[in-house]
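Visitor: I am new to this one. Please pick a single part, take me in for a close look, and tell me what lies around it.

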Amino acid sequence: MRWYLKAVGPKKVFEFLVLVVFIVFFLGPLLNLAILAFTGNWVYPDVLPKEWSLKWWSFVLEQDEIASSIGLSFLIAAIVTAVSIVICIPAAYAFARIRFPLSRFFLFSFLLTNAFPKMGLYISIAVLFYRLDLMNTLLGVVLIHLINVLMFMTWIPTSAFRNVHAAQEESARDAGASPFRVFRSITLPMAMPGIAVASIFTFLNSLDEAQGTFLVGIPNYRTMPVIMYSIISDYPAYAGAVFSIILTAPTIILLLAARRFLSADVMSSGFQLK
Amino acid sequence: MDIQLSIQNLTKRYKTGDGVTDISLDVRKGELITLLGPSGCGKTTVLRSIGGFLEPDSGEILIENKSVLKTPPEKRPTAMVFQSYNLWPHMTVYDNLAFGLKIRKMKKAEMDFAITEVLKLIRMSGSEKKHPGELSGGQQQRIAVARALLLKPAVLLLDEPFSALDAKLRHEMREELREIQSKTGLTMVFVTHDQEEALSISDRIVVMNHGHIEQIASPQEIYDEPKSLFAAQFIGKMNFLKGVVSADQVIIQNLAFPNPKRLTGEVSIAIRPENVILQDGEETGLSGSVKQIMILGHYAEVSVDVQPFGIIRSFQPRDQVKHLHSGQKVKVNFSKALAFPAV
Ligand SMILES: Nc1ncnc2c1ncn2[C@@H]1O[C@H](COP(=O)(O)OP(=O)(O)O)[C@@H](O)[C@H]1O
Ligand SMILES: [Mg+2]
């Protein structure tokens, strides 16, 4: 046993352990969820259900509350992603190209919003929202979600833009392209992997946001993760399983779709605070 | 002779105080002119001003007798090749080359033809579908040159385009560029800090130092008659000795040379190693002893310790150093000596 560990090296052993942990803690519950969600009849000592069925799926999807929360979640996530792109991409370009004295401080402040105890931040925001009449509004929920995503939505594209060299933009000017065309044909496409990754993170983050939404959006804006709380207590576990799959599926699908962009290169360059 | 590019009293100062001052230069049509100088002397500043990427503080830049100062880079009749990062990695070689042509609304068939031709010229036929990441450094720079050529610029600007390549490739690329230049008759401004590169490819060399021009002349002339001590130091190998002017002659100990520049007092004297003559101990000259003999192919470098001047290096034909050995006493004489005011 010893010699074997030595032969494969500590790195391989470590990788193996990571894989085991991953399977036990991530795939395991997921598999359990999947089984639960398609269960028709499952009696305790059996390893697998006796009957498979989609009845919990139709049950869940027939609950108005749930169906509308799914729609709402995706709507909000789409709005948040779109708005954050509009705000953050120009900011990221400015951070990448213009050296102004406080740029580091600004980037860092985005980081701070994420390091700050969330609930404290949300409550102080909620106090502000009361005064501005933003409680229980779509705008309020969108704003809360934006606070969460500003950081990486600026940070990752900034370093993506930094990786586009001045000479590459200047070459395009030189070849006859106007500044706008340079941005559209050279800078933006070259930074696209970083922007795509950041957008996907933003979308998923918004889908997943519960605390702030709960505080600001109740009672009218109940998104999937908010409703999840009541489902877990009010419905059978099977319905909860179905619902978690609906909640998790977009993450997995988007991450798979993003794998094309998620080269180690982009990821690591996305997380350098230059 | 047609003047293709004329720079008149160009001055550009950065906020830091660095920059270039009072640069004036006329480049003839079809000429390959090199801006040569140590790193930081302002070569890139001049080149970027011509290309439109920097706005000069004062002065005038004319291309084909028209002022281009008010013209943005995309409208200037110039094309630039940078030291690196010229290509766009998300596009194929074909798209990189076609980018400027598409903006110029060239017809597809015409474009295909032009791209095929230019790839032939740079000896990279068939690489249209590759991405820049699949090319070597030298190939990428070739494509960058090709893209610039396709724009049919009035002046081609090259900013140390080969300096990131290894020595052998650099040699090849120089020759290729020279060949392209003679085939296309393009006017080129080439920037380098490598004096050997400048000597080998230029029609004329502009020697720059500290943001101003020291000398503009042909490689021959720069080598034989450097106008300033800096030019003498920077180009080719040189020995420097202290001397003094007396009775209108430049005197080094017991040797005397003419004083065409009418200098007075203390002078620095520059002597090329090939102008150093080594003789037997009986002749007149500076006494020294041979320190080292290095055979470098068809010639040899002999270094001689001459007190109080220090080491003097000389190039000798290989068969003439056979009788020399280190420690041997010799007399050193010079067939040519250039005097400059002492610093
Ligand atoms: N954008 C800039 N801002 C301030 N100083 C600069 C800038 N660009 C160049 N310089 C300075 O101007 C001088 C000339 O630079 P440059 O033209 O790039 O020299 P070279 O190309 O000969 O190496 C250098 O001292 C450099 O540090
Ligand atoms: Mg330079």
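Guide: Let's begin with the chain that will help to frame our part: chain B exposes about 16,200 Å², with carbon and sulfur atoms supplying 51% of that area (Shrake-Rupley method, 1.4 Å probe; for residues, only the protein chains shown count as cover). Please keep in mind that this is a predicted model, in which local features need pLDDT of at least 70 and side-chain atom pairs count only at pLDDT 80 or more, while totals for chains, interfaces and linings use all residues. Residues are numbered from 1 along each chain as its sequence is written, chains are lettered from A and ligands numbered from 1 in the order in which they are written, and side-chain values use heavy atoms, with hydrogens and water left out.

Chain B contains eight helices and 20 strands (DSSP runs numbered from the N terminus, helices being H or I of at least four residues and strands E of at least two). Its C-alpha trace spans about 80 × 45 × 40 Å along the principal axes. Of the 343 residues in chain B, 51% are buried (under 20% relative accessible area with a 1.4 Å probe, protein chains only; exposed is over 50%, and partly exposed is in between).

Now for the close look, at helix H7 of chain A, residues 166–174. Is this helix mostly covered or mostly open? H7(A) is mostly covered, with seven of its nine residues buried. They are Ala167(A), Gln168(A), Glu169(A), Glu170(A), Ser171(A), Ala172(A) and Asp174(A). The cover comes from both chains: it includes H3 and H8 of chain A, and also helix H1 (43–51), strand E6 (78–81), helix H2 (93–103) and helix H4 (137–150) of chain B. After H7(A) comes Gly176(A), with a positive phi near 115 degrees.

One of those neighbours deserves a longer visit. The axis of H7(A) comes within 9 Å of the axis of helix H8 (residues 179–208) of chain A, and the two cross at roughly 140 degrees (axes are lines fitted to C-alpha atoms, for helices over the stretch in contact, and angles run from 0 to 180 degrees between N-to-C directions). That angle makes H7(A) oblique to H8(A) (under 35 degrees is roughly parallel, over 145 roughly antiparallel, 65 to 115 roughly perpendicular, and the rest oblique). From H7(A), the contact uses Gln168(A), Glu169(A), Ala172(A) and Arg173(A), and from H8(A) it uses Pro179(A), Val182(A), Ile186(A), Thr187(A) and Met190(A) (contact means heavy atoms within 4.5 Å). These residues divide into five nonpolar, two polar and two charged (Ala, Val, Leu, Ile, Met, Phe, Trp, Tyr, Cys and Pro are nonpolar; Asp, Glu, Lys and Arg are charged; the others, Gly among them, are polar).

H3(A), which also helps to cover H7(A), has another partner. Helix H3 (residues 64–97) packs against helix H10 (residues 224–234) of chain A at about 155 degrees, with axes 8 Å apart. H3(A) and H10(A) are therefore roughly antiparallel. Glu65(A), Ile66(A), Ser69(A), Ile70(A), Ser73(A) and Phe74(A) of H3(A) meet Met224(A), Pro225(A), Ile227(A) and Ile231(A) of H10(A). By class, that contact has seven nonpolar, two polar and one charged residues. The cover over the buried residues of H10(A) includes H3, H8, helix H9 (211–217) and helix H11 (237–258) of chain A.
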